[in-house]
Amino acid sequence: TLMRWVQPDSRPRLGRLNQLLAILPAYRAQLVASLSEEFAEFSLSTAGDNDDTTAEIPGAFYARVLHTIANLPSYLQFWSLCDMVLRQALKQLDPQHRGMAVIVAQCMTPSYHGTVQSLREVMGRGTLPWGQTLEQKATLLGAESLAGYAAMTGRWQCVQDLSKEEFLPFKLTSWEQSAMACPIQCRGQVAGALLVSSTQTNYFSPSRMALVQGYANLLRLAFRSEEFHDPVRIQLALMPPDDVQAPYLATFRQRVSLLQREAQHQQKGMTMTEAEQAI
């Protein structure tokens with residue numbers, strides 16, 4: 001494909017060039033400069049780095065959320081609502097597919113002295129270079145993470161350039177250049193955090209920040225009242241790096257399924273969320 005593009009009788013579509021930037025985020029600056037020189041229409045579109053994002057969630061989407069709450073049984077609502085909200089957030093925050101991940105991190109059940117020690121990534125959606133679904137690893141986040149810091153402080157946190165940040169704690173992952181986290185709250189209590197990561201530095205303009213906060217507020221509807229915790233009980237510990245967690249989490253899904261089957265044989269009802277929390 002690239003060889004055809006450099007021939008004088010073949011020109012790439014604009015959307016393909018933007019996808020190329022998303023696939024190779026480390027080379028974005030060089031690619032923008034050279035592609036802008038080669039293709040005038042591309043140069044005009046990357047003035048598309050200017051933020052034209054509306055700061056409002058569409059009213060029609062609120063109607064869809066309310067319809068889902070009214071018609072789905074309670075045991076399906078968490079996953080359905082989270083999936084709906086994350087997909088809509090991704091669509092609105094990253095319309096040009098430059099590379100973004102949106103993740104719901106939920107407070108784990110209080111354990112040590114009745115305190116919440118960690119958050120767990122329960123659901124995630126992404127565009128390249130991230131995968132479309134991100135919750136397979138069920139990674140634990142703690143005080144070292146931006147999501148954890150937002151949950152503990154009860155305030156949104158934003159880092160516009162993760163390579164230069166020196167003050168806020170964060171856990172840098174592949175391709176992540178800027179990130180924002182918002183607590184998921186209700187009546188002053190916290191259920192977790194919404195984490196949004198971008199392959200672009202300085203991506204979180206005021207309108208995008210307002211959207212992230214709006215989607216975090218909307219996610220509140222996915223959680224049951226008992227899943228919210230008093231801020232004084234959220235005392236996150238430092239979690240091990242991903243490579244240390246990986247061997248323990250590699251069989252996570254199999255163990256969840258096994259626990260559910262055992263509960264079924266014992267004629268004890270157990271939802272997927274309860275089994276995941278237990279494992």
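Let me start with the sheet, which in this predicted model is an open one built from six strands in the order E3-E2-E1-E6-E5-E4, with antiparallel pairing. Strand E3, residues 140–141, and strand E4, residues 157–159, stand at the edges, and because each has a single partner strand, one side of each is left without a neighbour in the sheet.

If you look at strand E5, residues 178–186, and strand E6, residues 189–198, you will find that they run antiparallel and are joined by nine bridges, and that Ala 181 stands opposite Leu 195 in E6.

Now, which strands does helix H6 touch as it packs on the sheet? The helix touches E1, residues 100–107, as well as E2 and E6, and its direction makes about 50° with that of E2.

H6, residues 74–93, also has a helix partner, H5, residues 59–71, and the axes of the two come within 10 Å and cross at roughly 170°. An angle over 145 degrees counts as roughly antiparallel, and H5 and H6 are therefore roughly antiparallel to each other. On the H5 side the contact includes Phe 61 and Val 65, while on the H6 side Leu 81 and Met 84 are among the residues involved. By class, this contact has six nonpolar, four polar and one charged residues.

Finally, H6 appears again at the second largest pocket, where it gives four residues, the largest share of the lining. This pocket holds about 340 Å³ of space and is lined by 16 residues, with Leu 90, His 97, Gly 126, Thr 127 and Gln 132 nearest its centre. The lining divides into five nonpolar, seven polar and four charged residues.

Notes. Residues are numbered from 1 along each chain as its sequence is written. This is a predicted model: local features need pLDDT of at least 70, side-chain atom pairs count only at pLDDT 80 or more; totals for chains, interfaces and linings use all residues. Side-chain values use heavy atoms; hydrogens and water are left out. Axes are lines fitted to C-alpha atoms, for helices over the stretch in contact, and angles run from 0 to 180 degrees between N-to-C directions. Angles under 35 degrees count as roughly parallel, over 145 as roughly antiparallel, 65 to 115 as roughly perpendicular and the rest as oblique. Contact means heavy atoms within 4.5 Å. Ala, Val, Leu, Ile, Met, Phe, Trp, Tyr, Cys and Pro count as nonpolar, Asp, Glu, Lys and Arg as charged, and the others, Gly among them, as polar. On a 1 Å grid over the protein atoms alone, a cavity is a set of points where a 1.4 Å probe fits but cannot get out, and a pocket is an open set with protein on both sides within 12 Å along at least five of seven lines; lining residues have an atom within 4 Å of a point. Grid points are joined across faces, edges and corners, and a volume is the space filled by probe spheres set on the points. Two strands pair if DSSP finds at least two bridges between them.
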